[in-house]
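Me: Please look at the following structure with me. I should like to ask on what grounds certain terms are applied to it.

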Amino acid sequence: MNHAPIDQTGAWQRLMEHAEEMRTTHLRELFLDQARGHAFTQQAAGLTLDLSKQRWSDTTLALLLDLAREAGVPEGIQALLAGERVNVSEDRPALHTALRLPAEASLVVDGEDVVPGVHATLDRMATMVARLHARQWRGATGRPIHDVVNLGVGGSDLGPLMVTHALADYRPADAHHVEVHFASTMDGSQLADYLNRFNPETTLFVISSKSFTTIDTLSNARTARDWLLARLVNDGIQGVDEEMVMRQHFVGVSAKPEKMSEWGIAEANQLLFWEWVGGRYSLWGAIGLPIALVIGMANFRELLAGAHAMDEHFAKAPLGDNLPVLLALAGIWNVNFLDIRAHSILPYDGRLEHFAAYLEQLEMESNGKSATHDGRQVSYSTCPVLWGQLGPNAQHAFYQLLHQGTQPVVCDFIAPLTRYDDVEDAATRKHLMAQHRLTLANCFAQSRLLMLGDDAIDEPGERPGHKRYRGNQPSTTLLLDRLTPATLGALIALYEHKVFVQAAIWGINPFDQWGVELGKQIAGETERILADHHGHENMDASTRALLEAVWHAERGE
Ligand SMILES: O=P(O)(O)OC[C@H]1O[C@](O)(CO)[C@@H](O)[C@@H]1O
């Protein structure tokens, strides 16, 4: 990978000059070229990526590809996939792609083939899933488990939450005996709701934490353990003891087996993964247990196969046809050359409700960095501010700003081409397919209007200021043939690799997250001060007053 400041390269300078001209070119002018739609559209692994509504031209793309080569992107891709230590600050590989290699593949890292271990874990997951689906996993009183609650946060929550929601339609018949839930917030509010409603005899907790030190997760886990012990042991259910509760109501997923054991997770209930899997890249293995519970192991393997298909494409397609590379370059162009630093993720499918939240972590925790590999502060922008929501709902919320606000925003519109054609009842199918058409019409209308502005109307005429649309907001449209485990796997892998390519160009490490560490430390100190009622004397006036407000409230003042 190239460690020279990227903004001092010839390719960057040429892009800066070219951007002068492009900044004053409206998208509607670019679309005078009728061939543009096709020219900027590529397909792979069940996805169609339309980048024609980006404010770029053939020349822009050629210059961006030069930039990618100058930044060492092709070598970076090979290094990532070969298991080199691309996570420089933590001196380890980032091998999420190994989690989706087929069983017959081999990937030797530090003298060891990692693939057999990956598949051994998948097989252990399969055994757990089969027992739960068959109602053979019983709680301490002998009743089959009905509710499984995943306790995790960040990468140990967002991926499984997003995918289980997206693929709920793929639930096999035997999975209907088990309901999967998620609790992540450290304030306990999500968990408290479950504890009010669920029967402890039939509830299993999956404690998901790569580090097994995350206070958010461990505080939820402690509450869950106390709840189970209070209800099943202290209330004196005959024959039930603590050991049985720990063995029959807790599974642990982590890279730290010793910490799981210390906490009380039975060894047989520990699912392991590796330090070389980043938290936000971890849904493909043991952290994906809730996914496998909802969609079944066969569909989980399809999810992996879809991601692997995207990995193969990423490894082999020439840069100019490579979907993750193209998506990354569009982002670089917007952030660094057109000064567009807000990015909205807008799925037009209710099943992708949690996709934006998932991408917020993937992109911003990966690339929200300002130090390069060699510790230098960058002199250019890196990750944009990324946020999103279901597109149809966002139309009634923040699209006003997209259309008439003052901020340039780039949008990713995401939708499946086909939906509801398999609904059995003919009348319902007809109505639902019409709703899908309506949704696609809205999706395409919005990106067109954002692009053209007033020109989207046949006869724009004179319009008062408050009715004018200036257009020229760029967007990407991503179509899935249909939303299946395989295409969702490919979609996620596409964004993972996009993030990697952008990091390679910016010269930053997408696989660490040092920026979240200090906050955890200071929160720990603050928690002690809150409990001890002293130690705040030398703090800033604002924090002091906030702490005092809590103490007043605790005293009922
Ligand atoms: O899985 P863990 O170790 O509990 O971490 C949860 C999340 O916390 C973070 O480390 C950030 O604090 C994320 O990177 C991670 O996904």
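Me: What makes the pairing of Gln361 with the ligand a polar contact?

Reply: A polar contact is a pair of N or O atoms within 3.5 Å. A polar side-chain atom of Gln361 lies 3.2 Å from an oxygen atom of the ligand, so the pair meets that definition. The side chain of Lys520 places an N or O atom 3.0 Å from a ligand oxygen, and a polar backbone atom of Lys210 is 2.8 Å from one. The protein buries 88% of the 390 Å² that the ligand exposes when taken alone (Shrake-Rupley method, 1.4 Å probe). This is a predicted model, in which local features need pLDDT of at least 70 and side-chain atom pairs pLDDT 80 or more, while totals for chains, interfaces and linings use all residues. Residues are numbered from 1 along each chain, and side-chain values use heavy atoms, without hydrogens and water.

Me: Which residues count as surrounding the ligand most closely?

Reply: A residue is near if one of its heavy atoms lies within 4 Å. There are 14 residues around the ligand, the closest being Gly155, Ser156, Ser209, Ser211 and Thr214.

Me: Why is the protein chain called as compact as a globular protein of its length?

Reply: The chain has 20 helices and 13 strands (DSSP runs of at least four and at least two residues, respectively). Its radius of gyration is 25 Å, close to the 24 Å that the globule rule gives for 557 residues, so the description applies (taken over C-alpha atoms; the rule is 2.2 Å times the number of residues to the power 0.38).

Technical notes: Polar contact = N/O pair within 3.5 Å; in protein donor to acceptor, adjacent residues only side chain to side chain.
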